[in-house]
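Colleague: I would like to go through this model with you, strand by strand and charge by charge. Please give the reasoning along with each result.

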Amino acid sequence: MTITAILPAFNEEVSIGSMVLHARQHADHVLVIDDGSKDRTSEVARLAGAEVIRHPKNLGKGRSLETGFEHVKKNGCKVIITMDSDGQHDPEDIQKLVSPILNGEADIVNGSRYMNGTDKNTPFYRRIGQNILDSATNLNSGLQITDTQSGFRAFARHTLPVFRFKSNGLAIESEMLMDAANAGFRIKEVDISVRYDVDGSSENPVKHGLKVLANVIHDMELNRPLYYFTLPGAVLGIIGLAMGLNFLQSFYHGGALMFGPTLMMILFTLIGTFMVFTGIILHTISKLINDNKKKDNITLNPDPNAGPTIKRDSFNNPWNTS
């Protein structure tokens, strides 16, 4: 078995059958994670030829992907595809995503709607939010991904253990990119097509975007403290020093020092200096932790084109399979 396609699904009985049938033409195995659907999603997926794992209740996309990744570790496949089950993604693009991994060119392949510029079919309000999330995710991960919120991706088998799955919902897309970047995996993007004439996500796009952004900012605090602490601290420190020089110049020419502004100058300088050094210390600690993780969890594969091999291999499976 070479390719397994994982399709998280929640109340997708209308589209899941055609998605499974189409995906089976390009993948050796199709696994549907029914995330507590109230309709016949599981039944239709099985009739279409998919293996189905059903959550007893809705746990979110992050938990669904975690269940799928855990399960495919048992079947010996080489490449794992993740794609949405609502019909937006075209299974014909699976070969585009799989080829760079099978050829040894990448460890992870991201399907992008925007490699060749803005997709004209993307609603305007969604593209604005997408730009904000892309910028925040890339800043946090140090990557240059054109479509950070894409759910259509391919993963080499050896990448599976590095993903934390801390995010239950749709913020999982950004989180997985951050985990992959921290692990040093080679990430490539390929152009994909997307349909917007289907229902898509039932979650409010504004609410979804704010959740993802909050998750990225929280991770940035831990993974990019230079941006979160040092940069703002440097700005405060520079403002404090500029105020101090201005006060000294005024005092030199016979002016009086005002208590309020002088106190503000001292606070800006002290707080800014504290934040600068805090960011530097946290950055050093974060770098040491990530370096140790790479040494402990990743060893080079004898085949230089096969990418790193992960030693860690521990998951818990609280769900039943069918």
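**Salt bridges and sheet**

Modeller: The count comes to 11 salt bridges. The model is predicted.

Colleague: How far apart are the closest N and O atoms of Asp34 and Arg54?

Modeller: Asp34 lies in strand S2 (residues 29-35) and Arg54 in strand S3, 20 residues apart in the chain. A salt bridge requires a side-chain nitrogen within 4 Å of a carboxyl oxygen. Asp34 and Arg54 form one, and their closest N and O atoms are apart by 2.9 Å.

Colleague: Is Arg54, in that pair, buried, partly exposed or exposed?

Modeller: Buried means under 20% relative accessible area and exposed means over 50%. Asp34 is buried because its relative accessible area is 0%. Arg54 has a relative accessible area of 34%, so this residue is partly exposed.

Colleague: What is the order of the strands in the open sheet?

Modeller: The sheet has 7 strands with mixed pairing. Strand S3 (51-55) and strand S7 (187-191) each pair on one side only, which makes them the edge strands. Neighbouring strands are turned against each other by 20° on average, direction ignored. The order is S3-S2-S1-S4-S6-S5-S7.

Colleague: Which residue in S6 stands opposite Thr82?

Modeller: Strand S4 (residues 79-82) and strand S6 (residues 153-156) run antiparallel and are joined by 4 bridges. Opposite Thr82 in S6 stands Arg153.

Colleague: Which residues are linked with Arg153 in a network of salt bridges?

Modeller: Arg153, the residue opposite Thr82, also belongs to a network of salt bridges. Its other members are Lys61, Asp84 and Glu173.

Colleague: At about what angle does helix H6 run to S6?

Modeller: Helix H6 (residues 172-183) lies across strand S5 (108-112), S6 and S7. Relative to S6, the helix runs at about 35°.

Colleague: Which residue meets Asp179 of helix H6 in a salt bridge, and is that partner buried or partly exposed?

Modeller: The N to O distance in this pair is 2.6 Å. Asp179 is buried because its relative accessible area is 6%. The partner, Arg164, is in the loop between S6 and H6, 15 residues apart from Asp179. Since its relative accessibility is 31%, Arg164 counts as partly exposed.

Colleague: Are Arg113 and Asp147 buried or exposed?

Modeller: Their side chains meet in a salt bridge, 2.7 Å from N to O. Arg113 is in the loop between S5 and helix H5 (124-141), and Asp147 is in the loop between H5 and S6, 34 residues apart. Arg113 and Asp147 are both buried.

Definitions and conventions: Residues numbered from 1 in each chain as written. Predicted model: local features only at pLDDT ≥ 70, side-chain atom pairs only at ≥ 80, totals over all residues. Heavy atoms only, no water. Pairing = 2+ DSSP bridges. Helix = DSSP H or I, 4+ residues; strand = E, 2+ residues; numbered from the N terminus. Axes fitted to C-alpha atoms, helices over the stretch in contact; angles between N-to-C directions. Contact = heavy atoms within 4.5 Å. Buried < 20%, exposed > 50% of the residue type's maximum accessible area, 1.4 Å probe, protein only.
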